[in-house]
Amino acid sequence: MRWFAFIGLMAAVLGCPRSESLRDASACECPAPAPVAALAPVAPPPSKPLREPVTHGQHVTPMPVCEAKGRLPLDASRDYYDKGLYEKALSCASQAAALAPNDVLAHTERANSLSALSRYDEARPAYARALAIDPESLDALLGAAHFYAVALPSSRENDELGVDYAEKGFELATTAREQDTALELARIAAMGHNDLGESPEALDRAEWVLSKLPKDRGAAYERAVALFELCRFAEAKKAFVGLVDDTERAAHVHWHLALLLEREGKEGEARVHFDTARALSPEDFSPPILLSAPEFEGELSKLVAALPADMRDDLSRVPIAAEDLPKLADLTTNTPPLSPTILGLFRGPPLNETCDDAPDAGGATPCRSIVVYRKNLARAVKSKEELLEQLRVTLLHEVGHLRGEDDFELAARGLE
C-alpha cells in the first residue's frame, strides 16, 4: 500500500492510502486470393438489432433520484461527495451529465463517484468520456490521475496512465498558475514515478511540492522513498527518521528504516523496525520466508539443473551465486542506481558482445556472472512455494539479460 497527500478541490485528508477515494535493471508475403465461384449466390448477413433485447424478469436496482434540494445537480453532487455520500453524489452527477452531455465537469464528478464506490469498470469509461470532451480539463486530469495511480491496484499499466495524466495536468496547472491543483498533481506524479521505479522523476516532483509546502508529509515520504531507491542512504535515513511520528505512513517508514539499518549491519535495530512495521500493517509486511544460506543455495542449484539444455549451455561459463543483499558497488554501476530491493542481477555484457576476463589475485574474474539475493527474495513472497517460483522467475530474468534482452522485453514475457 502506498500513500499520498491530496488537498484542494478534491481533498479532505493528507496521506490517504491507495484504496481510499479521491479527495479524502536490450516483410510479409500475402497469399493470392482464393478464386470465387462464378454466379455463386451470397446470403446476406443476418440482421442484428441495434440494441440488445431486454431480459424480462431480471432484477434491476434503479439509481435513486437526485435530491438536489434547490441546488444544481452538479453542485449537489459535489456537496454529497464531500460528505462521503457517494451514491447520492453519483445520482446527481448522472443527472447533471444527462442534462448536459458535453459538460466535462458533470462526467468528471460521475467518474469520481464511481471510483469512490469501487465501481472501477464503470469509472474507466467515465473518465475517458470526460477527457474526450476536454483533454485539458484540470478536474478530469486530476481525477483520472488519482484513479489510475492511487485508487486502482498498482500495475505498470495503471501507474503509467496515472503518471501520464498527472504530468500533463501538472504542466497545464503550473502554466495557468493553479498552484493548489499543481500541488495535488505533483504529489500523485511523485508517487506514480516511485511505483514505476523512476526515482529521479519522483524526487523532482516531491521536492517541488516541498519547495512550496515544506511540511507536506506526503511529499516528504515520496522524497524519502526516492532517496532510498537512488541509494542515497544517509539522506534517506534522515528523511525517514523525520517521519516516524507520521501515523498514516508509520508502517512503511519503519520498514524502510529496517532495510537501511540492515544494510549498515545493525541487525538488532533493524529487527525492531521490521517487527514494528509488521505489527502496524500485517497485510503489507508478512514474515520473510528466509531459508538458510545452504538450503537456499541448494534450491538454486536444483533450478539451474532443471533449465533447458540451451540455457545451461549459455550458463556454462557464467558463475551463479547467492548473496544476502546487493552490494552498493553493484547498485551504483548503473545510472540511475538500481533499487536496493532487487531480487537478482546479471553482471557483464550479453553473450553477443565481447567479454574478456580480467586478471586478479586468484587468476581471473569472469566478466559475466549472475547473483540472486536471499533476503530480498525472502521478503518478496509469502510462502516457500512462492519463494521457489520467484527464484525461478528471477533466474530466468537474469538469463534473459545474459542473452541480450532488456527489462521491457522481459516484462512482456512475464519475467518482470
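The following legends describe close-up views of aromatic contacts and of a strand sheet in a predicted model.

**View 1. A tilted aromatic pair between helices α4 and α5.** The model contains 10 aromatic pairs. In one of them, Tyr127 and Phe147 lie 5.1 Å apart, centre to centre, with 40° between the planes. Tyr127 belongs to helix α4 (residues 120-133) and Phe147 to helix α5 (residues 138-151), 20 residues apart. Both Tyr127 and Phe147 are buried. These two residues also take part in an aromatic cluster together with Tyr120, Tyr148 and Tyr165.

**View 2. The stacked pair of Trp255 and Phe285.** The ring centres are 4.5 Å apart and the planes meet at 15°, so the pair of Trp255 and Phe285 counts as stacked. The contact joins helix α11 (residues 250-263), which holds Trp255, to the loop between α12 (267-280) and α13 (293-305), which holds Phe285. Trp255 and Phe285 are each buried.

**View 3. Arg71 over the ring of Tyr80.** The charged end of Arg71 is 5.1 Å from the centre of the Tyr80 ring.

**View 4. An open sheet of 3 strands with mixed pairing.** The strand order is β3-β7-β4. Strands β3 (320-323) and β4 (344-347) each have a single partner strand, so one side of each lacks a neighbour in the sheet. From one strand to the next, the twist averages 20°. Strand β7 (residues 369-373) pairs with β3 in the parallel sense over 4 bridges, and Ala321 has Val371 of β7 as its bridge partner.

**View 5. Helices packed on the sheet.** Helix α13 touches β3 and β7, and its direction makes about 150° with that of β3. Helix α17 (residues 384-402) touches β3, β4 and β7, and its direction makes about 20° with that of β4.

Note on methods. Residues are numbered from 1 along each chain as its sequence is written. This is a predicted model: local features need pLDDT of at least 70, side-chain atom pairs count only at pLDDT 80 or more; totals for chains, interfaces and linings use all residues. Side-chain values use heavy atoms; hydrogens and water are left out. Rings of Phe, Tyr and Trp (its six-membered ring) pair if their centres lie within 6.5 Å; planes under 30 degrees apart count as stacked, over 60 as edge-to-face and the rest as tilted. Helices (H or I, at least four residues) and strands (E, at least two) are DSSP runs, numbered from the N terminus. Buried means under 20% relative accessible area, exposed over 50%, partly exposed in between (1.4 Å probe, protein chains only). A charge sits over a ring if NZ of Lys or CZ of Arg is within 6 Å of the ring centre and within 35 degrees of the ring normal. Two strands pair if DSSP finds at least two bridges between them. Axes are lines fitted to C-alpha atoms, for helices over the stretch in contact, and angles run from 0 to 180 degrees between N-to-C directions. Contact means heavy atoms within 4.5 Å.
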